[in-house]
Structures are given as C-alpha cells and as structure tokens.
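Please find below a colleague's note on the model under review. The points are arranged by topic, beginning with strand pairing.

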Amino acid sequence: MGSSKRDIIHTLLYHDIFEYPLSYNQLWSLLICTSKKSISKKQFNQYISLLKQEIILNNGFFCLRGRLKIIQQRFLREKESNKKIMIAKKVVWFLRKIPTIHFIGLSGSVALKNAQKHDDIDLFFIVQNNTIWITRFLVFVVLAVLNIGRRRKKRKVANLICPNMFLTLSSLEISRSKRNIYTAHEIIQVDPLFDRSAIHDLFLYYNRWVLDYMPNSFRIKKVAVGRVSWNWLIVVEKVARMSQMWYIKRHITTEIISDTMLAFHPKSYEKQILHEFERRRKKYEEI
C-alpha cells in the first residue's frame with residue numbers, strides 16, 4: 001500500500017479510538033502525513049478511490065470497514081454537543097468581560113462535537129502575562145455566580161464548565177517534550193469562542209510544528225499582538241497564586257502548574273491514546 005493511502009487508513013485508525021468518523025474535509029485536513037508534505041484534494045480523491053475495500057462512506061462520513069455504527073452515533077453526539085456549545089457561548093459572554101483574557105476556546109469532546117450527555121464542557125484560555133492566577137480566580141468567581149462551574153468532587157458534571165487550561169501570551173509554544181500526534185490534535189481541535197486580537201492565529205503560528213504531523217490542517221498566519229503591561233498587579237497576582245496553590249497542592253496528580261501555564265487534567269490520556277494508536281497501526285500493518 002502506498003504511503004498516502006496508508007496515511008488515510010492511519011488517520012481513520014486514530015479517530016476510531018474516539019469513535020469519531022470524519023467528513024471529507026476533516027479527513028483531508030486532519031490527514032496524518034508521514035511525508036510531512038501536504039497533498040492536493042485531487043491527489044486525495046485518487047487515493048480515496050483506491051480504498052473502497054478498506055473504508056466506508058456513509059451519510060457524508062468516512063470510517064473503517066466494520067465500523068458503520070460510529071457514523072450513526074456521530075449524529076446523536078453532534079446533537080448533544082450543540083446543546084453544550086450553546087451553554088458555553090452564554091457563559092463566555094460573561095467571561096469575556098474579564099480584561100486579562102485574550103482568548104477562550106472549546107476543547108475536548110465538545111469541540112469535536114463528539115460529546116455524550118454526561119460530559120462536561122472544557123474551556124481553554126489564553127491570558128495576559130503575569131495575570132494567570134488572577135484570571136483563574138476571576139473565572140471561578142464568574143462560574144460560581146452562574147452556578148455552572150465543575151467542582152473537583154462533584155460526580156454529576158453534565159453541562160458544567162471546566163476551565164482546565166490557561167496559557168499566558170509568553171507561553172503559547174508547546175514544549176518539545178509534548179510534541180506528538182495527540183497534542184497536535186488537541187491544538188487543532190480547539191474551537192474559538194472569543195478572540196480579542198487574532199490570538200488563535202498566533203497560537204497556531206507558535207505551534208506550526210503541528211504541520212509536521214498534519215500539513216493540511218491550517219495555513220500559517222503571523223500576527224502581531226499589542227501587549228499591555230499588567231505589572232502593577234504583581235502583588236495581587238502573588239496573593240492569588242499563594243491562595244490557590246494552598247488548595248491545589250492537597251489534590252495535585254498529573255496537573256501542570258506554573259506562572260505561565262496551568263493544565264488541570266487529573267487523568268492524562270496522552271500515553272494511553274498514543275499506545276493504543278501504535279497498537280492499532282501495527283495490527284493493521286500485519287493484515
């Protein structure tokens with residue numbers, strides 16, 4: 001099998017882990033290319049036509065043969081996800097009033113419209129430098145007032161907002177140790193809900209390494225962002241950090257915590273997903 005045909009299979013294998021079939025445009029844009037070079041849609045169409053024995057096209061979505069049920073399932077999950085997106089947009093209308101926030105995006109299963117009824121709603125924030133702890137505090141205040149924030153020990157989390165990642169403008173580039181297909185997908189699937197000044201384009205620019213995995217996924221746009229100094233809040237920032245760290249340290253597991261990046265994922269799926277993808281890929285190659 002040619003490398004480009006294999007890339008199509010690998011892309012479907014990866015998304016099958018999440019029980020997520022792909023539309024034509026998704027399959028092309030998210031194509032995992034081993035050559036690190038983008039392919040035209042004309043070439044793509046040719047490769048698709050040669051894979052009729054391995055893949056299925058049904059109701060506008062592609063999946064591996066024998067996995068038709070995930071296409072039927074996608075329509076149900078999209079319907080559920082749309083309800084959650086409406087909730088998120090209403091909450092973001094309030095959160096965007098916080099002046100230190102530059103960007104708010106959906107992440108996780110809701111961003112892909114692959115959420116189930118019991119899922120919460122993950123939000124990703126990019127904030128002004130030296131304000132990450134103040135901003136997080138204000139976000140939780142707003143969510144508390146709206147009575148829609150997810151709490152650590154709460155069991156029923158359906159439709160609750162989980163602000164699980166904060167980055168400052170100075171830390172948009174993901175570290176080399178985290179650069180893999182899993183992180184690349186996490187970056188690409190972020191769905192902007194609020195963008196004060198083209199920050200999403202800047203985020204993608206700093207993480208253009210993603211194109212080594214999925215060269216069709218986006219076009220690089222370098223943008224300049226005016227940065228206002230918030231150093232006068234440094235004392236308040238320190239107090240906000242100390243008070244929150246006092247609580248966080250009692251429950252810390254796999255979270256990433258610094259003054260430029262806060263990632264609250266008590267259970268990391270990265271190694272699990274990468275291992276499963278490699279297992280499926282090898283199994284398919286043996287057939």
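Which residue is the bridge partner of I101 in β5?

1. The bridge partner of I101 in β5 is V127. The model in which this pairing is found is predicted. Strand β4, covering residues 101-107, and strand β5, covering residues 121-127, run antiparallel and are joined by 6 bridges.

2. These two strands belong to an open sheet of 6 strands, whose order is β7-β4-β5-β6-β9-β8 and whose pairing is mixed. At the edges stand β7 (191-195) and β8 (256-257), each of which pairs on one side only. Helix α6, residues 132-146, lies across β4, β5, β6 (161-168), β8 and β9 (261-263). With respect to β6, the helix runs at about 160°.

3. Helix α6 also deserves attention for its part in the surface. W93, F94, F137, L138, V141, V145 and L146 make a nonpolar surface patch of about 650 Å². Two elements, α4 (69-95) and α6, give two or more residues to the nonpolar patch. The most is given by α6, with 5 residues. One of the patch residues, V145, has its place in helix α6. V145 has a relative accessible area of 66% and is exposed, because the cut-off for that class is over 50%.

4. The second sheet is also open and has 3 strands in the order β1-β3-β2, with antiparallel pairing. Its edges are β1 and β2 (55-58); each has a single partner strand, so one side of each is without a neighbour in the sheet. Between β2 and strand β3 (residues 61-64) there are 4 bridges, and the two run antiparallel. N58 stands opposite F61 in β3. Helix α1 packs on this sheet and touches β1, β2 and β3, its direction making about 90° with that of β3.

5. Salt bridges form the next topic. Side chains of opposite charge can pair when their charged atoms come close. The count in this model comes to 13 salt bridges. In one of them the side chains of R77 and E19 meet, at 3.1 Å from N to O. R77 lies in helix α4, whereas E19 lies in the loop between α1 (3-16) and β1 (22-23), so the pair ties together parts that are 58 residues apart in sequence. R77 counts as buried at 9% relative accessibility, while E19, at 26%, counts as partly exposed.

6. Which residue forms a salt bridge with E78? The partner is R74, and the closest N and O atoms are 2.9 Å apart. E78 and R74 are 4 residues apart in helix α4, which means that about one helical turn separates them. R74 counts as buried, at 6% relative accessibility.

7. In helix α10 (residues 270-286), K282 and E278 are likewise 4 residues apart, so they are separated by about one helical turn. These residues form a salt bridge in which the closest N and O atoms are 3.9 Å apart. K282 counts as partly exposed at 46% relative accessibility, and E278 is partly exposed with a relative accessible area of 30%. Elsewhere, D16, R67, E276, R279 and R280 are joined into one network by salt bridges that share partners.

8. Is helix α7 mostly covered or mostly uncovered? Helix α7, residues 181-188, is mostly covered, with 6 of its 8 residues buried. The buried residues are I181, Y182, T183, A184, H185 and I187. Their cover includes α1, α8 (199-206) and α10.

9. Two backbone angles call for comment. Most residues other than glycine have a negative phi. K36, which is not a glycine, has a positive phi near 65°. K36 lies in the loop between α2 (24-29) and α3 (41-49) and is exposed, with a relative accessible area of 54%. N130 is not a glycine either, and its phi is positive at about 65°. The place of N130 is the loop between β5 and α6, where the residue is partly exposed, with a relative accessible area of 42%.

Conventions:
Residues numbered from 1 in each chain as written. Predicted model: local features only at pLDDT ≥ 70, side-chain atom pairs only at ≥ 80, totals over all residues. Heavy atoms only, no water. Pairing = 2+ DSSP bridges. Contact = heavy atoms within 4.5 Å. Axes fitted to C-alpha atoms, helices over the stretch in contact; angles between N-to-C directions. Patch = residues over 30% accessible without salt bridge, like charges linked within 9 Å, V, L, I, M, F, W, Y side chains within 5 Å. Areas by Shrake-Rupley, 256 points an atom, 1.4 Å probe, with all protein chains shown as cover. Salt bridge = Lys/Arg side-chain N within 4 Å of Asp/Glu carboxyl O. Buried < 20%, exposed > 50% of the residue type's maximum accessible area, 1.4 Å probe, protein only.
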